[in-house]
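The paragraphs below walk through one structure, moving from a single side chain to the packing of a helix, then to the nonpolar cores and finally to the main pocket.

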Amino acid sequence: MTNKLIILDRDGVINEDSDAYIKTPGEWIPIAGSAEAIARLNRAGYRVVVATNQSGVARGYYDLATLEAIHQRMAAHLAGLGAHLNGIYFCPHGPDDGCDCRKPLPGLIDQIVADYGDVTSVPLVGDSLRDLQAGVTRGCRPVLVLTGKGRSTQATGLPPELGTVEVYDSLARFVDHFLKDHE
């Protein structure tokens with residue numbers, strides 16, 4: 001892979017997911033091992049970015065300032081474990097807003113391409129079908145983690161148009177395997 005980049009979904013990959021949305025910084029709870037996994041990617045020279053749907057903004061559950069505060073809490077947690085994100089790309093729109101950035105549409109991935117270049121074969125790690133679909137549309141390597149909604153996504157079945165989807169118990173397990181293959 002020429003582009004040393006990894007794309008992660010946020011909720012269900014880095015932090016615990018909630019059907020009631022992550023509405024405050026206090027509701028942002030890291031998944032064990034996720035920050036350490038990001039730190040290992042950083043040390044190996046990978047840039048790590050997040051692509052996340054945040055329709056809670058459009059739904060009025062929280063505003064952009066609160067979303068920024070949630071991201072600041074995440075950044076502080078990561079920094080405490082020697083990790084950092086190179087960028088956070090988010091869609092604040094609701095499902096009926098007609099935007100091109102709400103996954104499974106590829107608008108967030110297109111923003112990442114504009115900033116980081118070609119994402120062909122770049123791993124996109126997510127816990128939902130829409131994460132994987134957004135990445136595959138732009139040639140990313142789909143990786144499903146079984147944290148968050150991952151188990152239900154796997155149980156529902158993955159459509160054949162995704163191609164080969166790698167499945168791991170968690171972000172940490174993916175990083176274990178990935179770095180072993182890319183040493």
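In this predicted model, Met 74 has a relative accessibility of 0% and therefore counts as buried, the cut-off for that class being under 20%. The residue belongs to helix α2, which runs over residues 64-80. Once residues up to four places away in sequence are set aside, the partners that Met 74 touches are Arg 10, Ile 14, Trp 28, Leu 85 and Ile 88. Gly 148, by contrast, stands 74 residues from Met 74 along the chain, and the C-alpha atoms of these two residues are separated by 17 Å.

A second place to look is helix α6, spanning residues 171-181, in which the buried positions are Leu 171, Ala 172, Phe 174, Val 175, Phe 178 and Leu 179. Because these residues cover an arc of only 150° around the axis, they sit on the same side of α6. The elements that cover them include the strands β1 (5-8), β4 (123-126), β5 (141-145) and β6 (166-168), together with helix α1 (34-43). Phe 174 gives a residue-level view of this packing: leaving aside neighbours within four places in sequence, Phe 174 is in contact with Pro 123, Val 125, Arg 141, Val 143 and Tyr 168.

In soluble globular proteins, nonpolar side chains tend to be buried together. Here the largest nonpolar core has 29 residues, and the members that touch the most others are Leu 8, Ile 14, Ile 38, Leu 41, Val 125, Leu 171 and Phe 174. Two or more residues are contributed to this core by each of β1, α1, β2 (47-53), α2, β5 and α6, and the largest share, six residues, comes from α6. Separate from this set is a second core of 17 residues, which includes Ile 7, Val 49, Tyr 89 and Leu 124.

What kinds of residue, by class, make up the lining of the largest pocket? The lining comprises eleven charged, seven polar and three nonpolar residues. The pocket itself has a volume of about 430 Å³, and of the 21 residues that line it, those lying nearest its centre are Asp 11, Asp 17, Asn 53, Arg 130 and Lys 149. The elements that supply two or more residues to this lining are β2 and α4 (129-137). Strand β2 thus appears in two settings, since it gives two or more residues to the largest nonpolar core and also two or more to the lining of the largest pocket.

Technical notes
Residues are numbered from 1 along each chain as its sequence is written. This is a predicted model: local features need pLDDT of at least 70, side-chain atom pairs count only at pLDDT 80 or more; totals for chains, interfaces and linings use all residues. Side-chain values use heavy atoms; hydrogens and water are left out. Helices (H or I, at least four residues) and strands (E, at least two) are DSSP runs, numbered from the N terminus. Buried means under 20% relative accessible area, exposed over 50%, partly exposed in between (1.4 Å probe, protein chains only). Contact means heavy atoms within 4.5 Å. The arc is that of the directions from the helix axis to the C-beta atoms. A nonpolar core is a set of buried Ala, Val, Leu, Ile, Met, Phe, Trp, Tyr and Cys residues joined through side-chain atoms within 4.5 Å. On a 1 Å grid over the protein atoms alone, a cavity is a set of points where a 1.4 Å probe fits but cannot get out, and a pocket is an open set with protein on both sides within 12 Å along at least five of seven lines; lining residues have an atom within 4 Å of a point. Grid points are joined across faces, edges and corners, and a volume is the space filled by probe spheres set on the points. Ala, Val, Leu, Ile, Met, Phe, Trp, Tyr, Cys and Pro count as nonpolar, Asp, Glu, Lys and Arg as charged, and the others, Gly among them, as polar.
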